[in-house]
Amino acid sequence: MRSYLIKRMMQAVAVVFIITVVTFAIVNLAPGGPSILVSMESTAEEREALKAKLGLGQPLPVRYWKWMNALLHGDLGRSFSDGRPVAEAIGQRLPNTLLLGGAALALSVALALPAGVVSATRRYSLCDYLVTLFSFLGLSVPAFWFAIVLILLFSVRLHWLPSSGMATVGLGFSLFDRVAHLVMPAVVLSTVTMPQIVRFTRSSLLEVLGQDYVRTARAKGVPERGVVYRHALRNALIPVVTVIGLLLPALVGGAVITETVFGWPGMGSLALAAAVGRDYPMVMGVTLVVGTVVVLANLGVDLAYGLLDPRIRYE
Amino acid sequence: MKRFGELEYREAGPPAAGGDIPPEVAAALLRPVGWRAAGKRFFRNRMALAGAVFLALAYLGAVFGPLVSPYSPEAIDPAEAFAPPTLRHPLGTDEHGRDVATRLAYGARASLTVGLLSMGLAVCLGTLLGALSGYLGGWADAAIMRVVDAAMALPAFFLVLTFLAVFGGGLVSVILVIGFTSWMGVARVVRSEFLRTRGREFVEAARALGAGDLRVAVRHVLPQALPSVMVSASLGVASAILVESALSYLGLGVQPPTPSWGNMLMNSRQYMWTAPRLAVYPGVLILLTVLSYNFLGDGLRDALDPYLRD
């Protein structure tokens, strides 16, 4: 168990390292440098001076080393565009994305598990077909278009829900207000994960229901409800946990779109703005933090897997 | 319609040989791919068939629409701006008086091209790596699979955003970034097919007849992996089209004035209140195309996989 843990953690560190190298390579090999250098109306000397000030004149490995060194001292640098510390900007945005992502994931699981169970236990029934149809629709709908349709319906037509932001301007924080702002973005983001969780729950439960110990449970007279929920579902959920871990990168990817459409001030919209503005330190910081969160969550899922399923022995 | 549950069997490989496989299933597993029977099964699946028909229409529209249309997708005609659907403009015009039907047809070219070519790239990469991994085994397998794991854990969309923002969007960059970030599924599928097939009798027979590694891998083992790759690829095209539309919507994909369904949607956002139909057409087309590819992939999976047959 301990050696497995160490191995997995080293893998996680390696993935984070790859993320930093790839991001660093992409932003630094770009032609033209940061947009602040390209777009500014300045003389060549001024640009050179700024370049020197931002440390862009040094060779790549040196810059990577410096960045890494600062990073290990807890310093993510300052934004090129507004000079704010990157860590501060991320500190403001990260909780918002965790709230949105957490809400979307909770919503997906809460709806997908019952749907998967119904469609597995009543295979080929009308319910099963409807669940299947809606999963396919969820899998196929462009998130931003779904978002626009929701805004048109619930904000423009019905005036039920606010169309953007996290809070009503001028109003103090209230839970109701926050939830009202959260509903549509969370629903849109959950289309990324929900269909996959439904299909895995269904297939996994079907597989388990065909096993010998389920037949044994039925034979000794356990009511069907008990068979499904107490005996089968517990085991069927184990692979579903893994799938949720695998879906996390897609979830944060979906957050970029969702946050942009709904003006949700999170990591996704920050990443987009930083990428478009070629704000290198911000891009590096955001990608690193998001990557680390995803990798850590995956690590957690892997370990949870072992707790849920005692048959799994870590080498 | 069909059941979409049992699919994971195929990716995980069949259950270990032994008493728990019914003889008729075991026989089906040992048969080479039966293309004719698979075709019959595919044509019985109504949703997959509907998907195939819609896709055929979409491709016909993409190929012939621009040839038939009297309009240019980029020609601006302010006098005709926001014209409602009429005989001259069957789907109306946009804010610059451009014919929407014509732009949708050109947009189909962009979106469908991205879908096919990026998935082509992903299939090549994935097949190559998966085949190497499954055929060589040992440390090469372990190394390649670790790379696959790492690539799957990356928040790829963030890297893609950065790449496109920095190097500029456009058809070619979008195809490259989607291709390079979506090969992992294919690699896994091909690897497991190779593991399944490599010890089988006909492979040993080929080897006994003097076939070299490359010949065995390409001529004897790879064709067995083809059905799984087809399934994986058609599901992959679906997600590639979605990603393209999202990137174009964010302004990082196919660049205006060249139309793609995604950037037409981005454009329509400003006129959401006045002309919502501009947002409806491309959105519905993306939805139907992606849905069709998903149904198609699922239908293929059922048709090609004898183990999953009822």
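**View 1. Polar contacts across the interface of chain B and chain A.** In this predicted model, where local features need pLDDT of at least 70, side-chain atom pairs count only at pLDDT 80 or more and totals for chains, interfaces and linings use all residues, side-chain values use heavy atoms, with hydrogens and water left out. Residues are numbered from 1 along each chain as its sequence is written, with chains lettered from A and ligands numbered from 1 in the order written. Two residue pairs, both at pLDDT 80 or more, make polar contact between chain B and chain A (N or O atoms within 3.5 Å; within protein, one able to donate a hydrogen and the other to accept it, and residues adjacent in sequence counting only if both atoms are side-chain atoms). As for salt bridges, the count here is zero (a Lys or Arg side-chain nitrogen within 4 Å of an Asp or Glu carboxyl oxygen).

**View 2. The side of chain B that touches chain A.** Helix 13 (277-304) of chain B gives the most to this side, 12 residues (helices are DSSP runs of H or I, at least four residues, numbered from the N terminus). This side of chain B splits into 34 nonpolar, five polar and nine charged residues.

**View 3. The largest cavity.** About 90 Å³ of space sits in here (a cavity is a set of points on a 1 Å grid over the protein atoms alone where a 1.4 Å probe fits but cannot get out; lining residues have an atom within 4 Å of a point). Helix 12 of chain B brings the largest share of the lining, three residues. Among the lining residues are B:Asp94, B:Arg103 and B:Met264.

How values were computed
Helices (H or I, at least four residues) and strands (E, at least two) are DSSP runs, numbered from the N terminus. Ala, Val, Leu, Ile, Met, Phe, Trp, Tyr, Cys and Pro count as nonpolar, Asp, Glu, Lys and Arg as charged, and the others, Gly among them, as polar. On a 1 Å grid over the protein atoms alone, a cavity is a set of points where a 1.4 Å probe fits but cannot get out, and a pocket is an open set with protein on both sides within 12 Å along at least five of seven lines; lining residues have an atom within 4 Å of a point. Grid points are joined across faces, edges and corners, and a volume is the space filled by probe spheres set on the points.
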